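Welcome! Here is a short tour for anyone meeting this protein for the first time. Take a look at the sequence and the model, then read on.

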Amino acid sequence: MNNLIKWCCFLCLALIHRAESAGSQTRFNVSFSQLESCETYMVPIGYGYRNFFMVHTLSNNNIKAGQRLHLKFYVMTSMDAHILLSVTNRLRPNDRVYEIVIGAGGNTFSAIRTAMGLRRVATNHDRNLVSLYEPTPIEIVQTQNGELFVYIPGFKEEPLLQFIDESPLTINYISFSSFGTNTARWFYDCDFDGYGKEIDPDKPKPTVAQKLLNQINFQAENASLPANLSSILFHFQMKSIAYEQTNSLLRTRMHMMMHWQDTRLSWKPAEFDNLKSFEHPDLRIWTPTMNALNGALDSMGQVLRSFELRVYANGNITLYAHDLQLTSWCVDSARNWPNERVTCDIELGLISQQGQGQGNVALIYDQQQQPIAPNEHVNTPSGWTFKEMSVVPVGNDSARRYTPKGMLQTVAGDVAIEATLQRNRSFYMTVFYLPLIACQMFLIMSFVLRSTRRSALILITLLITAWGLMYMTRHASPHYVPPLMTAYKIVMMASSYCYILHICIIWLELYPPRTKAPDCLVAVLNSNILRCVLGLRFTDSSDYCEIQEKPWPQLAKILNNLSSIAVIVTFGIINITSGI
């Protein structure tokens with residue numbers, strides 16, 4: 001029970017304290033509760049008049065007899081409260097104005113100037129007139145005879161500042177500012193003191209473009225799908241194509257234009273200064289959501305991220321996407337490097353938005369804009385040559401954009417931009433085929449040479465083929481062994497065989513075995529059919545005797561000629577299969 005009594009007493013004291021605080025007066029007899037009926041304006045740091053307010057010359061009910069202007073404000077700032085009275089809101093540095101500064105010089109004086117920051121015409125040295133913690137009232141009066149008075153109500157009855165202008169200005173605008181790192185909070189149009197209709201924010205008369213923008217945005221019905229819209233025409237201009245075979249990626253850059261009609265957005269040009277077309281960054285109308293269905297990396301999802309819109313008076317709309325960059329998957333299934341010819345496509349489709357039936361809107365290529373011809377310049381920053389391009393429909397019979405597993409799929413109305421690319425074969429012919437043919441010629445020539453010349457040719461062939469294989473790994477696809485790489489491998493194996501054969505021939509000719517050759521071997525060496533096939537002359541009686549006595553040098557000749565024929569046949573087969 002005692003605790004309950006204590007809590008009740010505490011609550012009563014808190015309510016009394018709050019009521020006393022709300023009704024407490026500042027040094028200028030202005031309470032914070034009274035300021036709640038005022039409009040407020042917060043001035044950021046720095047000197048500059050950013051926003052202007054129009055003075056209500058007709059509804060200002062505080063003008064007395066002989067007065068042209070009578071305004072009253074309240075300000076909370078530590079120093080440098082600036083008020084600007086001007087004829088226009090588009091000021092130049094030397095234009096005549098009335099600039100009133102309260103608490104200038106570190107809150108040590110106040111002044112009236114006739115230019116922004118210049119030409120002081122009245123000064124008062126009363127200190128500490130403004131405060132950051134309590135409002136200071138400022139009252140401005142301009143009389144018919146050109147006198148300008150500045151009062152601080154509650155401070156003293158006499159004017160704080162006074163200036164007589166022989167050519168008085170007609171005040172239409174007012175603005176507020178601060179200075180340095182100080183901020184200021186201004187209060188105006190206060191109902192509690194009868195100054196509720198002094199000024200209004202500067203609201204210029206809307207232009208024709210603004211009126212048309214407002215009408216189009218209103219008629220667009222929150223950017224909803226146009227009724228009876230079933231298709232969208234499009235055409236494009238390809239600028240560059242790059243194919244990355246190792247990553248199976250096709251990178252394209254194009255300019256694309258799309259056209260459709262929304263009759264809700266039509267207008268009569270005569271009502272808008274004969275404007276027949278209109279574009280504005282603040283247009284809020286329906287635009288298609290287009291996806292690259294086989295998009296990769298940053299092209300997954302919506303691809304129309306940056307574009308320009310133009311609306312025509314008859315309701316036609318043009319969307320222009322400048323430098324549209326797309327990345328799509330493209331797998332090279334051919335295994336015939338470097339003679340590949342691949343067809344990559346960019347599948348495009350409109351994705352329905354939630355609550356709208358966009359799924360029925362089809363993409364139709366504008367036949368009046370023919371696809372890019374093969375001879376038209378398209379930058380291909382890769383080892384591929386652009387051959388041809390076409391646009392084909394890819395939609396299936398499915399009516400659902402997503403599969404039951406949530407995978408994106410094509411539907412009726414989707415299209416594919418197909419680009420046919422071919423690898424630059426002439427480059428690889430020069431870099432890889434010519435060294436391979438030279439190596440084959442070196443090996444064939446080595447069969448007619450002897451000693452160090454033969455071994456030198458074979459070693460040169462080994463070095464060239466090894467260099468070609470290492471350099472080929474930088475260009476060929478690592479997913480399979482191309483026929484050209486197989487040809488290099490066979491030539492290198494043939495070079496190794498030829499070098500071993502060269503050592504065997506030297507051994508048989510210079511250091512033959514001391515054992516007698518078998519009779520079957522001697523019979524083979526004397527075979528005229530074999531010697532005819534290998535290009536050796538037929539044996540006579542003297543050759544027969546020589547073979548009987550020295551069969552090993554003859555065996556070396558037989559092996560050399562037989563190996564040359566086998567190597568030539570092997571090279572012919574690999575040249576045909578590798579496409580040389």
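## The largest nonpolar core

A good place to begin is the largest nonpolar core, which has 52 residues. Within this core, Phe-234, Phe-236, Met-258 and Leu-348 touch the most other members. Strand 14, spanning residues 231-244, gives the most to the core, contributing six residues.

Let's stay with Phe-234 for a moment. Leaving aside residues up to four places away in sequence, Phe-234 touches ten-odd places along the chain that you can look up, including Met-256, Met-257, Met-258, Leu-363, Ile-364 and Tyr-365. Val-391, Val-415 and Ile-417 are also among the residues that Phe-234 touches.

## A second core

There is also a second, separate core, made up of 34 residues. Among them are Phe-28, Tyr-41, Val-75 and Ile-138.

## An open sheet

Six strands form an open sheet in the order 1-12-3-8-9-10, and their pairing is antiparallel. At the edges sit strand 1 (39-43) and strand 10 (161-164), each of which pairs on one side only. On average, neighbouring strands of this sheet are turned by 20° against each other, direction ignored.

For a closer view, follow strand 9 (residues 147-151), which is joined to strand 10 by four bridges. These two strands run antiparallel. One pair to find is Phe-149 and its bridge partner in strand 10, Gln-162.

## How confident is the model?

Please keep in mind that this is a predicted model. The protein chain has a mean pLDDT of 79, with 80% of its residues at 70 or more. Residues 9-23 have pLDDT below 50, and beyond near neighbours in sequence this stretch has two contacts in the model. Residues 354-358 are also below 50, and that stretch has 13 contacts beyond near neighbours in sequence. Where pLDDT is low, the predicted coordinates should not be read in detail.

Key:
Residues numbered from 1 in each chain as written. Predicted model: local features only at pLDDT ≥ 70, side-chain atom pairs only at ≥ 80, totals over all residues. Heavy atoms only, no water. pLDDT = per-residue confidence, 0-100. Contact = heavy atoms within 4.5 Å. Core = buried A, V, L, I, M, F, W, Y, C linked by side-chain atoms within 4.5 Å. Buried < 20%, exposed > 50% of the residue type's maximum accessible area, 1.4 Å probe, protein only. Pairing = 2+ DSSP bridges. Axes fitted to C-alpha atoms, helices over the stretch in contact; angles between N-to-C directions.
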